[in-house]
Amino acid sequence: MLKEIITLTPMNVSAFWALVFFSNRFSKNKARYWLGIFMLVTAILYACHAIFFHNYRELYLKVDSLYLLSGLSVYPMYYIYIRLLTCDLKLKRTYILHFIPAIVFSVSLLFTGQLLGLQEEKLYYEYVLVENQFPGNDASISLKAMAAVFFASRLVFGLQTLIYLFLGYQLVQKYNQRIADFYSNLEGRELIWVRLLIFSFLITALVSFAVNLMGRGFFINNTTLLSVPAILFSCLLFFIGIQGNKQDFYVGKFVEDEKKEQELNRGNTIYYNKKLKKQLKELLDNEKIYLAPELKITELCRELNTNRTYLSNVINNDFQLSFNDLINKYRINYAISLITDESYNQNSLQELADSSGFGSLSSFNRAFKKFTGTTAGEYIANSNNTV
């Protein structure tokens, strides 16, 4: 009973989130819907795992190519999900190129499998899949070919892991920088969780590599060892589901905001750097426009009668900051002025965050730590001790 729970949990978690994401309309959020497809493929992968670890040999041999197809599709599918979150407005036909290795290897395995006799199937299952060994010299060409496809697919899987995690990390970094140059409030927009998830995937990939190195047969009769990767993968999949379900903001909404603001700012003139920098400082110092929680860079453009590209260049080059960091720096300085003011009456951190223009307490805490090196609570305590 315990073994059934352990082997079926990753499949059940994936299938649950697939149903949740498929309940959303595709046109409403393409990234979330695609995540549902990712979860469905993952559920199929772990269903094949469960069949193997329950020693259903004949059934597993029938789904071995499906296992290979789903296994080599997982990381490409997750990379496409990252693309739909960060840069692609719609599905592209070129996505199929990412699945060529999965298709080639699964078809090759299916074809070579048709050439095996009953005795060779038994040898393939017990010697290659369970013992993780390449057939000896006396094995048939068909058996050797099938084993070669299997082991080569593992090498490709390892390369996929490194390539797609690296490419995904780059996309997330560029996206976060892009929105940081547009919005002053990144709450719900920044993909911090995806960045953390990429590192989590790297850890699970290392676990998968270790499992493959030892051979799946090593875990068949050891429920305790089998529970380690099963629990790890289940937790990771559940985390992906939770965060993916909460991620309402994606590149499509960002592009919509950009277009709206471009229409409003059409026709604005351009100033020289020094003049624009001076006017920007005056606007922030005197008007305290940074106290607006949902301030966008295009609102500053309207106030300064300039365009976004030019203002971004001034902020990035002259201040050496993103738009988000510049505004948050002013907000933190304002919060510090409130704390050090003699009339400060020990307001809660939430009230302090609201008064300083932050959209949430979590973003206030992150920014305070970033610019002062300490938490707001510690800063307040130290200020009280010096009075």
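**Figure 1. The structure holds two cavities of 30 Å³ or more.** This is a predicted model, in which local features need pLDDT of at least 70 and side-chain atom pairs count only at pLDDT 80 or more, while totals for chains, interfaces and linings use all residues. Residues are numbered from 1 along each chain as its sequence is written, and side-chain values use heavy atoms, with hydrogens and water left out. A cavity is a set of points, on a 1 Å grid over the protein atoms alone, where a 1.4 Å probe fits but cannot get out. The largest cavity has a volume (the space filled by probe spheres set on points joined across faces, edges and corners) of about 610 Å³. Its lining (residues with an atom within 4 Å of a point) has 32 residues, and Leu45, Tyr46, His49, Tyr67 and Ser208 lie nearest the centre of the largest cavity. Two or more lining residues come from each of helix H1 (2-22), helix H2 (30-53), helix H3 (57-71), H4, H7, H8 and helix H10 (223-246). Helices (H or I, at least four residues) and strands (E, at least two) are DSSP runs, numbered from the N terminus. By class, the lining of the largest cavity has 22 nonpolar, eight polar and two charged residues. Here Ala, Val, Leu, Ile, Met, Phe, Trp, Tyr, Cys and Pro count as nonpolar, Asp, Glu, Lys and Arg as charged, and the others, Gly among them, as polar.

**Figure 2. The second largest cavity has a volume of about 60 Å³.** It is lined by Tyr75, Tyr78, Tyr79, Ile82, Tyr164, Leu165, Gly168 and Ile198. H4 and H7 are the elements that give two or more residues to this lining. The largest share, four residues, comes from H4. Seven residues of the lining of the second largest cavity are nonpolar, one is polar and none is charged.

**Figure 3. A search of the whole structure finds 27 aromatic pairs.** In this close-up, Tyr79 and Tyr164 form a tilted pair, with 5.3 Å centre to centre and 45° between the planes. Tyr79 belongs to helix H4 (residues 74-86) and Tyr164 to helix H7 (residues 141-180), so the pair ties together parts that are 85 residues apart in sequence. Rings of Phe, Tyr and Trp (its six-membered ring) pair if their centres lie within 6.5 Å; planes under 30 degrees apart count as stacked, over 60 as edge-to-face and the rest as tilted. Both Tyr79 and Tyr164 are buried, where buried means under 20% relative accessible area, exposed over 50% and partly exposed in between (1.4 Å probe, protein chains only). Tyr79 and Tyr164 are also among the residues that line the second largest cavity.

**Figure 4. Tyr290 and Tyr334 form an edge-to-face aromatic pair.** The ring centres of Tyr290 and Tyr334 are 6.2 Å apart, and the angle between the planes is 65°. This pair links distant parts of the chain, 44 residues apart. Tyr290 is in the loop between helix H12 (273-287) and helix H13 (297-304), and Tyr334 is in helix H15 (residues 323-340). Tyr290, at 5% relative accessibility, counts as buried.

**Figure 5. Ring pairs link Phe52, Phe53, Tyr60, Tyr67 and Tyr125 into a cluster.** One of these residues, Tyr67, appears again among those nearest the centre of the largest cavity.

**Figure 6. Arg189 lies over the face of Tyr183, at 4.0 Å from the ring centre.** The charged end of Arg189 also sits over the ring of Phe249, 5.5 Å from the centre of that ring. A charge sits over a ring if NZ of Lys or CZ of Arg is within 6 Å of the ring centre and within 35 degrees of the ring normal.

**Figure 7. The largest pocket has a volume of about 420 Å³.** A pocket is an open set of grid points with protein on both sides within 12 Å along at least five of seven lines. The lining of the largest pocket has 21 residues, and the closest to the pocket centre are Leu186, Glu190, Asn324, Asp325 and Lys370. H7, helix H8 (192-214), H15 and helix H17 (361-372) are the elements that give two or more residues to this lining. The residues lining the largest pocket divide into five nonpolar, nine polar and seven charged.

**Figure 8. Lys288 has a positive phi of about 50° although it is not a glycine.** Lys288 is placed in the loop between H12 and H13 and, at 35% relative accessibility, counts as partly exposed. Asn305, which is not a glycine either, has a positive phi of about 55°. Asn305 is in the loop between H13 and helix H14 (308-318), and is partly exposed, with a relative accessible area of 30%.
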